[in-house]
Every structure is written in structure tokens, then in C-alpha cells.
Amino acid sequence: MTSRHRARKRFGQHFLSDPGVIDAIIRAVHPTRDDVIVEIGPGQGAITDALARSAGHLHAVELDRDLAAGLRHQYDGNPNVTVHEADALQFDFASLGDRIRVVGNLPYNISTPLLFHLLKFREQILDMHFMLQKEVVDRMAAGPGSKTYGRLGIMLGCYLNIERLFDVPPDAFDPPPEVTSAVVRLDPLPAGTFDIEDNAGFSTLVSTAFMQRRKTLRNSLKKLVEGPDFEAVGIDAGQRPEQISIADYARLSNYLRQKSG
Ligand code: SAH
């Protein structure tokens, strides 16, 4: 797009301007003719064109009215591109088919709620590539024993395989954000990998455990889990919340669910 758009802070607008980074993202996504790709927050179209050229169809979901109008103008008459002026947080991604690939340099202020919204459509999603704040990617990709392992990584990790691809410095954007970014690839796990029977209960269990990450599980989960429950599922209650795996949390949650009838 040639016209200059004044970046809107409230929409988290930082436009990717480094051709090397744009190229690296396109290579990581590797769009093909068979793909229906959904780009969230295309903005001024930094990666949109390259995606649209190789994909079977590209859906662009953009909240900013001016940017959506610009994209609509740019792709007018191109049957392979559909521009949706919409809020990705409310968007019904299932309406775009049942085998979609999702891509986006996401607005950082909404990245966590957006990831949780997208989880609802995980059965329709083949894979996702996102540019996020590096610190968020660290938390998403962290495993047990790591300082950044916690609620975000566990809640996403029970449904997605999370792979950090590469870091992106602030100066790759205009205007530059204050933080370093990273590109991450997310692949939905086969249904039933962790088989969580009570999603709300699982979420409460994990959040409660990590409210005080220095405490032992016995102490931090006192209100939810009794000593014998830990024994029944083979978890040492003297460990800290960051020391047990997603599978451990899933087993404990399912056990509590069955116990409560
Ligand atoms: N992908 C572009 C723009 C990144 S800036 C690039 O790399 O240059 C983030 C974009 O997300 C902006 O265009 C912003 O308007 C858009 N956006 C912000 N909130 C959104 C929301 N809730 N739904 C859809 N798009 C949103």
C-alpha cells in the first residue's frame, strides 16, 4: 500500500518493514495452492501479498476501518482475497472452513485473549504462525522446571504443540515496539492427547497452583486437593507447581472430577 497510515496505538499497530523478516515468515508458513489462510491484523499488508500470491484463498481480518478499506481497494477484483472488517476476538473462524491455516503479526495487547479465542476453533485449524512479544513466546514454550513455565504454557500446551521459530528485533517494525518479538508456530495436538474432562476445573486448578509458585503443591492447592488425592495419581505434593507436567495436571484434574461424581 503506498498511502501512509498513521499508526494507531490503541490497535497495537507496529508495521513490519524488514524484508528479511517478512521473507522468513513467508518461508516458515510456506503457503500452497491447497491452503485457506486467515491473516489476523494484516494492517498495511506487509505479509499479505506474499501470502495471497501462493495461497488458494486468503481471508484478511482487520479491525481498523481505514486499513480494511485500503486492503479492500487493493484487492478489488481479486477473487482469491476476502477482506473482513472485524474484531478477531469476536470472529467466527469456523465460518471460513474446517481446514484453515492462521497467520498474524498480532497486536500484543490482545494476544493472550486471542489465543484463547482461537483455541475454540482448534478442530478447524491446521496450524498457526504468530509474531508475538518474545516474553509471551517464552512463557508459551516453557516446560516444567523453567522459571517461565506456568498457566499460559499449560493452558495452551494441552491443546497445541508450541515451537519457537526465531526472534525479531524492534527495528524490524515501524514504529518500533518497545520489546523484542518472536515468531512461533502452533500445531493443534490430536484430539484426546491430554483428555481433560473438565476444562473449567482444570483451569481453576492450574491458576490456583501458580498463584504462589514458591509454595508446595500441598499448600497452594489446599482448598482443592486433599493429601490422598495426590497419592492416588502419583504426584509428590512436596513439589512446587512449576515442577509437574501438563500430563500431571490433567491426571489430577480428571481424578478430582471423577471423585466429585
Ligand atoms: N500485520 C501487519 C500489521 C501489524 S500491526 C504488519 O505486520 O505490518 C497489528 C494489526 O492488527 C493492525 O493492523 C491493527 O489494526 C490490527 N488489529 C488490532 N486489533 C485487532 C483486532 N481485535 N482484530 C483484528 N485486527 C486487529
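By the usual nitrogen-to-oxygen rule, the count for this chain comes to 16 salt bridges. The model is a predicted one, so read the distances below with that in mind. Three of the pairs tie together distant parts of the chain, and they make a handy way in.

## Three long-range charge pairs

Side chains of opposite charge can pair when their charged atoms come close. Here are the three pairs, with the gap between the closest N and O atoms.

| Pair | Closest N and O atoms | Citation |
|---|---|---|
| R8 and D66 | 2.9 Å | |
| D35 and R101 | 2.8 Å | |
| D138 and R164 | 1.9 Å | |

Take R8 and D66, joined by a salt bridge at 2.9 Å. R8 sits in the segment before β1 (15-16), while D66 belongs to helix α3 (residues 65-74), and the two are 58 residues apart. R8 is partly exposed at 25% relative accessibility. D66 is partly exposed too, with a relative accessible area of 42%.

Next come D35 and R101, whose closest N and O atoms are 2.8 Å apart. This one reaches across 66 residues, from the loop between α1 (19-29) and β2 (36-40), where D35 lies, to strand β5 (residues 100-105), which holds R101. Are these two partners buried or exposed? D35 counts as buried, because its relative accessibility of 10% is under the 20% limit. R101 counts as buried as well, at 7%.

Then there's D138 with R164, where the closest N and O atoms are 1.9 Å apart. D138 is in helix α5 (residues 134-141) and R164 is in strand β7 (residues 160-168), 26 residues apart. D138 has a relative accessible area of 24%, which makes it partly exposed, and R164 is also partly exposed, at 32%. Elsewhere, salt bridges with shared partners join D35, R101, D127, R185 and D187 into one network.

## Around V29 and H129

R101 turns up again when you look at V29. V29 lies in helix α1 and counts as buried, with a relative accessibility of 2%. What does V29 touch, once residues up to four places away in sequence are set aside? The list is I37, L51, R101, V103 and H129. A member of the charge network is in the area too: the C-alpha atoms of V29 and D127 are separated by 9.1 Å, although the two residues are 98 residues apart along the chain.

H129 is a good residue to click on next. H129 lies in strand β6 (residues 125-133) and is buried, at 3% relative accessibility. The side chain of H129 reaches the backbone oxygen of A28 at 3.5 Å. With neighbours within four places left aside, H129 is in contact with A28, V29, R101, V102, V103, G104, L165, V184 and R185. That list takes in R101 and R185, both of which belong to the salt-bridge network.

## How the two domains meet

Zooming out, the chain is divided into domain 1 (9-188) and domain 2 (199-259). Their centres, taken over C-alpha atoms, are separated by 33 Å. Domain 1 puts 13 residues into the contact and domain 2 puts in 14 residues.

The area buried between domain 1 and domain 2 is about 990 Å², with carbon and sulfur atoms giving 63% of that figure. Which three residues supply more than any other three of the area that domain 1 buries against domain 2? They are Y149, R151 and I154, which supply 47% of the area on that side.

How many salt bridges does the rule find across the interface of domain 1 and domain 2? Zero. Polar contacts are there, though: seven residue pairs are in polar contact between domain 1 and domain 2. On the side of domain 1 that touches domain 2, the classes come to six nonpolar, five polar and two charged residues.

## The chain as a whole

The secondary structure comes to 10 helices and nine strands. Along its principal axes, the C-alpha trace spans about 65 × 35 × 30 Å. Of the 261 residues in the chain, 48% are buried, V29 being one of the buried residues. Counting contacts with a separation of 6 or more, 65% are between residues 24 or more positions apart.

Definitions and conventions: Residues are numbered from 1 along each chain as its sequence is written. This is a predicted model: local features need pLDDT of at least 70, side-chain atom pairs count only at pLDDT 80 or more; totals for chains, interfaces and linings use all residues. Side-chain values use heavy atoms; hydrogens and water are left out. Domain bounds come from an automatic or database domain assignment. Contact means heavy atoms within 4.5 Å. Buried area is the accessible area (1.4 Å probe) that two parts lose on being put together, summed over both. A salt bridge is a side-chain nitrogen of Lys or Arg within 4 Å of a carboxyl oxygen of Asp or Glu. A polar contact is a pair of N or O atoms within 3.5 Å; within protein, one must be able to donate a hydrogen and the other to accept it, and residues adjacent in sequence count only if both atoms are side-chain atoms. Ala, Val, Leu, Ile, Met, Phe, Trp, Tyr, Cys and Pro count as nonpolar, Asp, Glu, Lys and Arg as charged, and the others, Gly among them, as polar. Helices (H or I, at least four residues) and strands (E, at least two) are DSSP runs, numbered from the N terminus. Buried means under 20% relative accessible area, exposed over 50%, partly exposed in between (1.4 Å probe, protein chains only).
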